[in-house]
Amino acid sequence: MPSISIRAVILASLAVLGVDILSGMVLTQMFGGPSFDSGLTDEQIRSAYQVLLQDVRYLTFGLILGTASTVLGGYLAARLARNMPYFNALAFGVLGLLISTIGSGDLPTWFKVVGLLLTLPAALLGGHFAKLQMSKPVS
């Protein structure tokens with residue numbers, strides 16, 4: 001079994017979680033979702049999010065940013081592990097798949113399917129970028 005650094009995978013996952021939360025907040029504000037200081041009731045906030053989840057532009061930008069953050073996570077997992085970059089990036093991607101499957105909630109089916117299909121390739125791409133950078137000679 002290849003040496004997978006659990007520490008690297010968890011740290012990369014936490015970093016990506018932070019990036020995803022921030023990008024989600026920005027997207028919500030960009031596309032007219034409820035603001036966090038608006039004083040809306042829980043029901044009004046849920047209703048506003050249901051409308052937002054039908055906006056294809058919002059979902060598309062979310063998919064793009066989510067895929068980019070997955071590339072970042074694969075990169076971080078590979079760099080933090082310092083060895084076996086592809087296996088560590090893949091471990092990050094598998095953990096991401098598990099979390100995405102559990103937490104996808106009310107998202108449209110097309111969004112869930114595309115997101116799941118992009119997760120492992122994006123994580124491995126991040127691992128590839130890390131491997132390329134680690135193999136460069138130090139100047």
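**View 1. Phe-111 and its ring partner in the predicted model.** At 14% relative accessibility, Phe-111 counts as buried, because the limit for a buried residue is under 20%. The model shown here and in the other views is predicted. Phe-111 pairs with Trp-110 in an edge-to-face arrangement. The ring centres lie 5.9 Å apart, with 80° between the planes. Trp-110 is partly exposed, at a relative accessible area of 39%. Phe-111 is also one of the residues of the largest nonpolar core.

**View 2. The largest nonpolar core.** Which residues make up the largest nonpolar core? There are 8 in all: Leu-27, Phe-31, Leu-52, Leu-53, Tyr-58, Leu-59, Leu-63 and Phe-111. Helix α3 gives the most to this core, with 3 residues. Another core, of 7 residues, lies apart from it. Among the members of that other core are Val-9, Ala-91, Phe-92 and Ala-123. Leu-27, in the largest core, touches Tyr-58, Phe-61, Gly-62 and Leu-65, leaving aside residues up to four places away in sequence.

**View 3. Aromatic rings around Phe-31.** The count of aromatic pairs comes to 3. In one of them, Phe-31 and Tyr-58 have ring centres 6.0 Å apart. Their planes stand at 80°, so the pair is edge-to-face; the cut-off for that class is over 60 degrees. Phe-31 sits in the loop between α1 and α2, while Tyr-58 belongs to helix α3. The pair therefore ties together parts that are 27 residues apart in sequence. Are these two residues buried or exposed? Both Phe-31 and Tyr-58 are buried. Phe-61 joins Phe-31 and Tyr-58 in one aromatic cluster.

**View 4. Helix α1, its span and its cover.** Helix α1 runs over residues 6-30, which makes 25 residues. At 1.5 Å a residue, α1 should span 36 Å. The end C-alpha atoms of α1 are 36 Å apart, so the model agrees with the expected span. The buried residues of α1 are Ala-8, Val-9, Ala-12, Ser-13, Val-16, Ser-23, Leu-27 and Thr-28. What covers them? The cover includes α2 (42-52), α3 (56-81) and α4 (85-103). After α1 comes Gly-32, with a positive phi near 80°.

**View 5. Thr-70 in helix α3.** Thr-70 has its place in helix α3. With a relative accessible area of 14%, Thr-70 is buried. Which residues does Thr-70 touch, not counting residues up to four places away in sequence? They are Phe-92, Thr-119, Ala-122 and Ala-123. Phe-92 and Ala-123 are also among the members of the core of 7 residues.

**View 6. The salt bridge within helix α2.** The model has a count of 2 salt bridges. In one, the side chains of Glu-43 and Arg-46 meet, with 3.0 Å from N to O. That distance is within the 4 Å cut-off, so the pair counts as a salt bridge. Both residues lie in helix α2, 3 residues apart, about one turn of the helix. An α-helix has 3.6 residues a turn, so residues three or four places apart point the same way. Glu-43 is exposed, at a relative accessible area of 52%.

**View 7. The salt bridge between Asp-55 and Arg-57.** Asp-55 forms a salt bridge with Arg-57. The closest N and O atoms are 3.1 Å apart. Side chains of opposite charge can pair when their charged atoms come close. Is each partner buried or exposed? Asp-55 is buried, with a relative accessible area of 16%. Arg-57, at 53% relative accessibility, counts as exposed.

**View 8. Positive phi in the loop between α3 and α4.** Arg-82 is found in this loop. Arg-82 is not a glycine, yet its phi is positive, at about 70°. At 71% relative accessibility, Arg-82 counts as exposed. Met-84 has its place in the loop between α3 and α4 too. Met-84 is not a glycine either, and its phi is positive, at about 50°. Met-84 is partly exposed, with a relative accessible area of 32%.

Definitions and conventions:
Residues numbered from 1 in each chain as written. Heavy atoms only, no water. Helix = DSSP H or I, 4+ residues; strand = E, 2+ residues; numbered from the N terminus. Expected span 1.5 Å × (residues − 1). Buried < 20%, exposed > 50% of the residue type's maximum accessible area, 1.4 Å probe, protein only. Contact = heavy atoms within 4.5 Å. Core = buried A, V, L, I, M, F, W, Y, C linked by side-chain atoms within 4.5 Å. Phe/Tyr/Trp six-rings, centres within 6.5 Å; stacked < 30°, edge-to-face > 60°.
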